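Got your viewer ready? Let's take a walk through this model, one selection at a time.

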Amino acid sequence: MGPKSIWVGTALEGQSYPTYQGNSAVDVVIIGGGITGITAAMQLSKEGKRVIVLEAMKIGQGTTGYSTGNLYATIDENLSYIKSKWNSDVMKSVVESRKEAMHLIENNIVEFEIDCDYVNVPMHFYAEESTPHTEDFFSSEYDALELCGLMPQYIQQGLPFETRKMMVIPAQAQYHPLKYVQKLAAALPENCKVYENSKVISADGDTGIVETEMGTITADAIVMATHTPIGIYPVQTVLGPYREFAVAGELLDDSLSDGIFWDVGHPKHSIRIYREDGKRYIMIVSDKFKTGQHGDSSKYISEIENYLKQRFNVGELKYLWGAQQYSPADGLPYIGQYWDKIHIMTGFSTSGLVYGTLAAMIVADKIIGRENKYSDLYDANRHTPLKSLKDFVKENVNNAIQVIKDFPSQGDIESLGEIELGTGRVIDHNGHKLAVYRHQDGQAEIVSAVCTHMGCVVRFNEAETSWDCPCHGSRFKTNGEVIEGPAIEALPSKPFTA
């Protein structure tokens, strides 16, 4: 089982794009080549805007290529949560806006003849045990779904193992998200240029100047389609970074029907089927956990592997991957113009394929000068102190604790041989915190343990062999290179003298 998603494993190589270099002036520069960035690029370039897309890796192989491929009008935090945080009208608007985004995905598939295994399926909520939590969920969520016109129904059974209660909503969807984004990017008009392996090292919202490692772009608008804004932004104080794991393997019988299946108990699970080359693969996603605060993260993988094997006739678990999400303090994403020339889209939780598409629609309309009826609802600069207070305090007290607590430090060592092969440790050495990873061959990579974003101390992620920041979710390779932001700069190499 390799550390890659089923989407990366089953997609074609896809079109390659050059690395950006030189100097350019355009109307819009989009940072990020996932579903959000490529959808925004299509919306803007179709309206005649000159657009450049900068992707640090390969198109679609960031967050999009490590998602579930599920498309639904509800949200992962549940509609009843939005109703309690806001009101029924806001809840209805959330569903309506997400439906419009799903329609755009459908329309793009038809218009550009995108073969991405799109299928309409029902969405199920189930509980294996009856608890006060699950009973409250079904009661409150049924009412919320019904109020939003999603036509929930209770059904007796839909899984090959016993459940206490199950509810279904029709007409949701699934697809192959990486195939979709790759082919949407390939369909972009000539006035949009796409670049891969083009990491952004600075973006100035006043001047509109974006710098990469090999060039500069000046634009009237900068779109941060990066899951969370890169660099330091106040909005990061109201975002909670979380990770989750997924595994997938061949289902050896017909015991599971097509559809989205959400376990609403503790821990939570998400299950779906994907068909490829005559085989049926079953995928399961773990409960989420706070990035950089997971202890031994491999326990989440073991839990879903055992869950899957105990309930389904599954073969080799061929795929394993992790994904990151950012949860907003008041339950709604932050989408729109943040200051002057900077536009952001963040806080999608695990509902990013639909929210990312919606964000692209809202921001494109703003740049074009066209009204969008959902722009105020998701306003990136909104101030909702009462709705956000509890989660704002929770996230920022948590972040402060990560900065001041000495948990990550594991003391001085006299020899790197004290660190086990294939593991990482944060140590105090000559007054500095060092992140030390020791390869299986005994060689050590030593970098600063201080996150280059805002100075928190990183922690070792056993399952993914990375250094993760517990404050704002930046992640780094063992050599210090940034895997995902908001950090822009790598963890610098540091010497070790015994």
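Start by selecting Asn78, which sits in the loop between β3 (70-71) and α3 (79-85). One thing to keep in mind as you go: what you have open is a predicted model. Check the backbone here, and you'll find that Asn78 has a positive phi of about 85°, although it isn't a glycine. Is Asn78 buried or exposed? With a relative accessibility of 14%, Asn78 counts as buried, since the cut-off for that is under 20%.

Now jump to Asn430, in the loop between β19 (423-429) and β20 (432-438). Here too phi is positive in a residue other than glycine, with a value near 50° for Asn430. Asn430 is exposed, though, with a relative accessible area of 57%.

**Two helices that cross**

Next, select residues 88-111, which make up helix α4, and residues 352-368, which make up helix α8. What should you look for in a pair like this? Two packed helices are described by the angle between their axes and the distance between the axes. For α4 and α8, the axes come within 8 Å and cross at roughly 85°. The two helices are therefore roughly perpendicular to each other.

Show the side chains where they meet. On the α4 side, pick out Val94, Ser97, Arg98, Glu100, Ala101, Met102, Leu104 and Ile105. Their partners in α8 are Leu353, Val354, Tyr355, Thr357, Leu358 and Met361. Color this contact by class and you get 10 nonpolar, 2 polar and 2 charged residues.

**A few salt bridges**

How many salt bridges does the structure hold? There are 23 of them, and we'll stop at a few.

Select Lys179 and Asp117: they form a salt bridge, with the closest N and O atoms 3.1 Å apart. This pair links distant parts of the chain, 62 residues apart, with Lys179 in helix α6 (residues 177-186) and Asp117 in the loop between α4 and β4 (119-127). Turn on a surface and compare the two ends. Lys179 counts as buried at 13% relative accessibility, while Asp117 counts as partly exposed at 29%.

Move on to Asp258 and Arg275, another salt bridge, where the closest N and O atoms are 3.0 Å apart. Asp258 is in the loop between β11 (239-251) and β12 (260-263), and Arg275 is in strand β13 (residues 269-276), so the pair links parts of the chain 17 residues apart. Both ends are partly exposed: Asp258 at 29% relative accessibility and Arg275 at 46%.While you're in this part of the chain, select His266 and Pro267. A cis peptide bond joins them, with omega at about -5°. Pro267 is in the loop between β12 and β13.

**A salt-bridge network**

Now select Arg475 and Glu464, a salt bridge with its closest N and O atoms 3.6 Å apart. Arg475 lies in strand β24 and Glu464 in the loop between β22 (459-461) and β23 (466-468), so this salt bridge ties together parts that are 11 residues apart in sequence. Arg475 is buried, with a relative accessible area of 5%, whereas Glu464 counts as partly exposed at 23%.

Don't deselect them yet. Which residues share a network of salt bridges with this pair? Add Arg243, Asp468 and Glu484 to your selection, and you have the network that links them with Glu464 and Arg475.

**A buried threonine**

From Arg475, move along to Thr478, in the loop between β24 (475-476) and β25 (482-484). Thr478 is buried, with a relative accessible area of 11%. Its side chain makes a polar contact with the side chain of Glu445, at 2.5 Å. Leaving out residues up to four places away in sequence, Thr478 touches Tyr437, His439, Glu445, Val447, Phe460, Thr465 and Trp467. Show them as sticks to see what surrounds this threonine.

**Last stop**

Finish at Gly485 and Pro486, which are joined by a cis peptide bond with omega of about 25°. Pro486 is in the segment after β25. If you'd like to compare, put this bond beside the other cis bond on the tour, between His266 and Pro267, where omega is about -5°.

Note on methods
Residues are numbered from 1 along each chain as its sequence is written. This is a predicted model: local features need pLDDT of at least 70, side-chain atom pairs count only at pLDDT 80 or more; totals for chains, interfaces and linings use all residues. Side-chain values use heavy atoms; hydrogens and water are left out. Axes are lines fitted to C-alpha atoms, for helices over the stretch in contact, and angles run from 0 to 180 degrees between N-to-C directions. Helices (H or I, at least four residues) and strands (E, at least two) are DSSP runs, numbered from the N terminus. Angles under 35 degrees count as roughly parallel, over 145 as roughly antiparallel, 65 to 115 as roughly perpendicular and the rest as oblique. Contact means heavy atoms within 4.5 Å. Ala, Val, Leu, Ile, Met, Phe, Trp, Tyr, Cys and Pro count as nonpolar, Asp, Glu, Lys and Arg as charged, and the others, Gly among them, as polar. Buried means under 20% relative accessible area, exposed over 50%, partly exposed in between (1.4 Å probe, protein chains only). A polar contact is a pair of N or O atoms within 3.5 Å; within protein, one must be able to donate a hydrogen and the other to accept it, and residues adjacent in sequence count only if both atoms are side-chain atoms. A salt bridge is a side-chain nitrogen of Lys or Arg within 4 Å of a carboxyl oxygen of Asp or Glu.
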